[in-house]
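Good morning, colleagues. Please have the sequence and the structure open before you while I speak.

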Amino acid sequence: MPEDNEKKLGFATRMGHGGRAGVKVHGFVNPGVHRGSTVLYPDAEARRDSGSKRFERYMTYGTQGGPTHYALEDVIVDIEGGTRCIIVGTGLAAVTVPLTAFLKNGDHCLLPDSCYGPARTFATTLMKDWGIETTFYDPCVDEAGMAALIQPNTKVVYLESPGSHTFEIQDVPALARAAHARGCKVLMDNTWGIHNFQPFEHGVDVSIQALTKYVGGHSDILLGSITTNSEEDYRTIRAASSSMGHYASPDDCWLALRGVRTMAMRLKAQEAASIEVAQWLEQQPQVKRVLHPSLPSHPQHALFKRDFTGGCSLFGVILDQRYDQSDMFRFVNALQHYGIGASWGGFESLALPTSGFITRTAGSEDLGGPMLRVHIGLEDVNDLIADLAQGLRVLN
Ligand SMILES: *Cc1c(COP(=O)(O)O)cnc(C)c1O
């Protein structure tokens, strides 16, 4: 865990140094990859006493984590704040594990209508089968509105800001106040915010990240993190995670550690390029709206300015209503430098059709035109804009 004085260092400096102290590397710059299943006890008594140390960094078996996991955990705590972190194999596992840990048969959960799609699927299939009820709420609900949604059996208020695909910014402190006043845990998917939104300073209890995105940064790993702010929450989630056999590959943790070394610069460069692209798109007659929280045109830009120290390079684009989905497909197919693919946060740009692929029940799925999601990578921004310009010409 970082010392207080280290917390005052700049983000890029901290990302350069995080997770490197306390790992024996014989002088090499980077921690090694510690693969392993069996961990040898020094003696039989140590074996006997190991159970009482299960929440400490006391290695007893590969599934309990090892030095490579611990190094990454320390970096994630430095990025997000909080006290402890659990690394799991995917971002989706980082969503489902804390939900499973805090909810039992007969409980109720509040999920934003704009939550990550597979989180919605988890709630409407397995959670439902286990007798856990979910209400999907308008992500822009205010404190009183949230208070009215909370039932006597509500145990979890889940947040994701901005929302997946539609990019609504939530009033996290207000929603957390309403949740805590009624004894609910506040879980938040903070993948978009990364370090630009500090969840624990805004009332969140458990923060979820898909490290697959900017932390990995190179579109070559899947990983998730669950960060907590209290030892009690850590133990509750860790017990659930261990019971279900969750684990992350040390090789992938090592790649994530490599990713964080350059993350501060990548984020800054990619956000700046995405603002340039988004502002250019806003000027085009074929475009109805751009959904980018960093732009003044975003409906919750004031909340964004209040709570975030910056953004990232993922945003939505709604084409003019005179176009239909097949027009949007023609546009996306015409692009040369944007891959058509899920995920984001890598070095490469992506354009993903989204309208027709998302579910909304508290609000409308009709956004007034065909929608896609754009991720801006590290390519030259002039090339990216020129490519969009030639793509839009296909629509004329
Ligand atoms: C990608 C993503 C996830 C899931 O991460 P995976 O590692 O792909 O399972 C969760 N939440 C958000 C907001 C995401 O973008």
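I shall take the ligand and its pocket first, then the enclosed cavities, and finally two points of backbone geometry.

Please bear in mind throughout that we are looking at a predicted model.

Let me begin with the ligand. Where does the ligand sit? It occupies the largest pocket, whose volume comes to about 680 Å³. That pocket is lined by 39 residues, and Tyr116, Gly117, Pro118, Ser164 and Arg373 are the closest to its centre.

Which elements each supply at least two residues of this lining? They are helix 5 (91-102), helix 6 (117-129), strand 6 (206-210) and strand 10 (350-353). The most is given by helix 6, which contributes four residues. Sorted by class, the pocket lining comprises 18 nonpolar, 14 polar and seven charged residues.

I turn now to the shell around the ligand itself. Thr90, Gly91 and Leu92 belong to it, together with Tyr116, Glu160, Asp189, Thr191, Ala210, Thr212, Lys213, Leu222 and Trp344. By class, this shell has five nonpolar, four polar and three charged residues.

Three polar contacts deserve attention here. The first to mention is at glycine 91, where a backbone N or O atom is 2.8 Å from an oxygen atom of the ligand. Lysine 213 also approaches a ligand oxygen, in this case with a polar side-chain atom at a distance of 2.6 Å. On the nitrogen side, an N or O atom in the side chain of aspartate 189 lies 2.6 Å from a nitrogen atom of the ligand. How much of the ligand does the protein bury? Taken alone, the ligand exposes 380 Å², and 89% of that area is buried by the protein.

Let us move to the enclosed spaces. Rolling a probe the size of a water molecule over the atoms shows where empty space is left. Over the whole structure, the search finds two cavities of 30 Å³ or more.

The largest cavity has a volume of about 200 Å³. Its lining consists of 19 residues, and those nearest its centre are Thr63, Gln64, Gly65, Glu73 and Arg238. Helix 4 (67-80), strand 1 (84-88) and helix 9 (231-243) are the elements that give two or more residues to this lining. Its composition by class is seven nonpolar, seven polar and five charged residues.

The second largest cavity has a volume of about 40 Å³. What is the make-up of its lining by class? There are nine nonpolar residues, with no polar and no charged ones. The residues in question are Leu281, Val317, Leu319, Phe331, Leu335, Ala351, Leu372, Val374 and Leu388. Two or more of these come from strand 9 (314-319), and two or more from strand 11 (371-375).

I close with the backbone. Which residues does a cis peptide bond join? They are serine 161 and proline 162, with an omega of about -5°. Proline 162 is located in the loop between strand 4 (154-160) and helix 8 (172-181). Phenylalanine 167 is likewise placed in the loop between strand 4 and helix 8. Although phenylalanine 167 is not a glycine, its phi is positive, at about 60°.

To recapitulate, the ligand sits in the largest pocket, and the protein buries 89% of the area that the ligand exposes when taken alone. The largest cavity has charged residues in its lining, whereas the second largest cavity has none. Thank you for your attention.

How values were computed:
Residues are numbered from 1 along each chain as its sequence is written. This is a predicted model: local features need pLDDT of at least 70, side-chain atom pairs count only at pLDDT 80 or more; totals for chains, interfaces and linings use all residues. Side-chain values use heavy atoms; hydrogens and water are left out. On a 1 Å grid over the protein atoms alone, a cavity is a set of points where a 1.4 Å probe fits but cannot get out, and a pocket is an open set with protein on both sides within 12 Å along at least five of seven lines; lining residues have an atom within 4 Å of a point. Grid points are joined across faces, edges and corners, and a volume is the space filled by probe spheres set on the points. Ala, Val, Leu, Ile, Met, Phe, Trp, Tyr, Cys and Pro count as nonpolar, Asp, Glu, Lys and Arg as charged, and the others, Gly among them, as polar. A residue is near a molecule or strand if one of its heavy atoms lies within 4 Å of it. A polar contact is a pair of N or O atoms within 3.5 Å; within protein, one must be able to donate a hydrogen and the other to accept it, and residues adjacent in sequence count only if both atoms are side-chain atoms. Accessible areas come from the Shrake-Rupley method with a 1.4 Å probe; for residues, only the protein chains shown count as cover. A molecule sits in a cavity or pocket if more than half of its atoms lie within 2 Å of its grid points.
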